[in-house]
Amino acid sequence: MELIDFIVTALLFGGTFFFTTATLGLLRFPDLFTRLHATGKGDTLGVGLILTGLVIYLGLSPITLKIIIIMTFILLTSPVGTHCICRAVYNQGIKPWKRR
Amino acid sequence: MVLNIPKNSNFFITYIVMFIFWILLSWEFSLSNILFGLVGSFLVAYSTRNLFIKERIAISPQKFIRKSYLSILYIFYLTYQIIMANLDVAYRVLHPKMPIDTRVIKFNTKLESDLAKTCFANSITLTPGTITIDVKKDIFYVHALTSEAAESLLEGSMERKLIEIFQE
């Protein structure tokens, strides 16, 4: 029981950590493309870790199955969202930031 | 042994999958709920039958097992890559000097089907330091956060794995 609690806490902590770095990246990075690097990846793994934590916490139940389905869909759609924003902006002719 | 599925059975396959999905998501076995499910999946299956099943390919059972095995391996590989990507971005975000050096690279892919290209584009977005900007026919436009990320993508081990799964 103790071990499961420990694993769940670690996963939830990891999830919030990656959400935090994603948000910091959004604030610190110089332009849209680099910001998408931070948020597009950070959110996927953040949500993934938090939901994995919930799955372990709940054990085997119908809700676990739903959470796994939600995880699959987030994993499939999050990159597509990133890609859509990126393409729309790139086709508008906005040039990516470069270090000088 | 190859399963013979008639060509016009798209509707029934979609219908059954949608209904299983309804049961899984609602998890309630009252009469009214199951009736709602039957009607709802009928409407969804009728409107999306040709989107859900777009193309069929004949495949032998041995090949199917091998490809499934490779796909599962690929999911583990991708999970590892996602974790590495996040650690990499977290490091660059937290570093006081932000060691990033962005560039846009452009390359040709050998993947043919739309599904394979979609998988590849999504995988690129989830792996360290690269996001797909656009795909035009065979040309991928990729934004890389660092030059190492661009080089490791152009080296092409991920593409080879996908070619093994989707082609030949």
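This is a tour of a predicted model, going from the domains of chain B to its contacts with chain A, its sheet, its cores and a few single residues.

Residues are numbered from 1 along each chain as its sequence is written, and chains are lettered from A and ligands numbered from 1 in the order in which they are written. In this predicted model, local features need pLDDT of at least 70 and side-chain atom pairs count only at pLDDT 80 or more, while totals for chains, interfaces and linings use all residues.

**Stop 1: the domains of chain B**

Select residues 7–52 of chain B for domain 1, then 61–166 for domain 2. These bounds come from an automatic or database domain assignment. Taken over C-alpha atoms, the centres of domain 1 of chain B and domain 2 of chain B are 34 Å apart.

**Stop 2: where chain B touches chain A**

Show both chains. Here 26 residues of chain B are in contact with 29 residues of chain A; contact means that the C-beta atoms of two residues, placed from the backbone, lie within 7 Å. On the chain B side, at least two residues each come from helix H1 (10–26), helix H3 (61–94), helix H4 (114–126) and strand E2 (130–136). H3(B) gives the largest share, eight residues. Helices (H or I, at least four residues) and strands (E, at least two) are DSSP runs numbered from the N terminus.

Colour this side of chain B by residue type: 18 of its residues are nonpolar, six polar and two charged. In this split, Ala, Val, Leu, Ile, Met, Phe, Trp, Tyr, Cys and Pro count as nonpolar, Asp, Glu, Lys and Arg as charged, and the others, Gly among them, as polar.

**Stop 3: the sheet**

Select E1, E2 and E3 of chain B. They form an open sheet of three strands in the order E1-E3-E2, with antiparallel pairing; two strands pair if DSSP finds at least two bridges between them. Strand E1 (103–108) and E2 of chain B are at the edges with a single partner strand each, so one side of each has no neighbour in the sheet. On average, neighbouring strands are turned by 25° against each other, direction ignored.

Now look at E2(B) and E3(B), which pair in the antiparallel sense over six bridges. Lys136(B) has Ile139(B) in E3(B) as its bridge partner, and Thr132(B) has Val142(B) in E3(B). The two strands form a hairpin with two residues between them.

Is E2(B) mostly covered or mostly open? Five of its seven residues are buried, so it is mostly covered. A residue is buried if 20 or more other C-beta atoms lie within 10 Å of its own, exposed if 12 or fewer, and partly exposed in between, with C-beta atoms placed from the backbone.

Add H5(B), which lies across E1, E2 and E3 of chain B and runs at about 5° to E1(B). Axes are lines fitted to C-alpha atoms, for helices over the stretch in contact, and angles run from 0 to 180 degrees between N-to-C directions.

**Stop 4: the nonpolar cores**

A nonpolar core is a set of buried Ala, Val, Leu, Ile, Met, Phe, Trp, Tyr and Cys residues joined through C-beta atoms within 7 Å. The largest has 20 residues, and Phe120(B), Ile124(B), Ile131(B) and Val142(B) touch the most other members. Two or more residues each come from helix H2 (32–58) of chain A and from H4, E2, strand E3 (139–144) and helix H5 (147–155) of chain B. H4(B) supplies the largest share, four residues.

Centre on Phe120(B). Leaving aside neighbours within four places in sequence, Phe120(B) is in contact with Thr109(B), Leu111(B), Glu159(B) and Leu162(B). Apart from the largest core lies another, of 13 residues, including Ala22(A), Phe29(A), Leu45(A) and Ala90(B).

**Stop 5: two residues with positive phi**

Most residues other than glycine have a negative phi. Trp27(B), not a glycine, has a positive phi of about 50°. Trp27(B) is in the loop between H1 and helix H2 (31–52) of chain B, and is partly exposed, with 13 other C-beta atoms within 10 Å.

Lys137(B) also has a positive phi, near 50°. Its place is the loop between E2 and E3 of chain B. Lys137(B) has 7 C-beta neighbours inside 10 Å and counts as exposed.

**Stop 6: a pair to finish**

Select Ile83(B), in helix H3 of chain B, and Thr127(B). Their C-alpha atoms are 8.5 Å apart, with their positions 44 residues apart in sequence counted as separation. Ile83(B) is partly exposed, with 16 other C-beta atoms within 10 Å.
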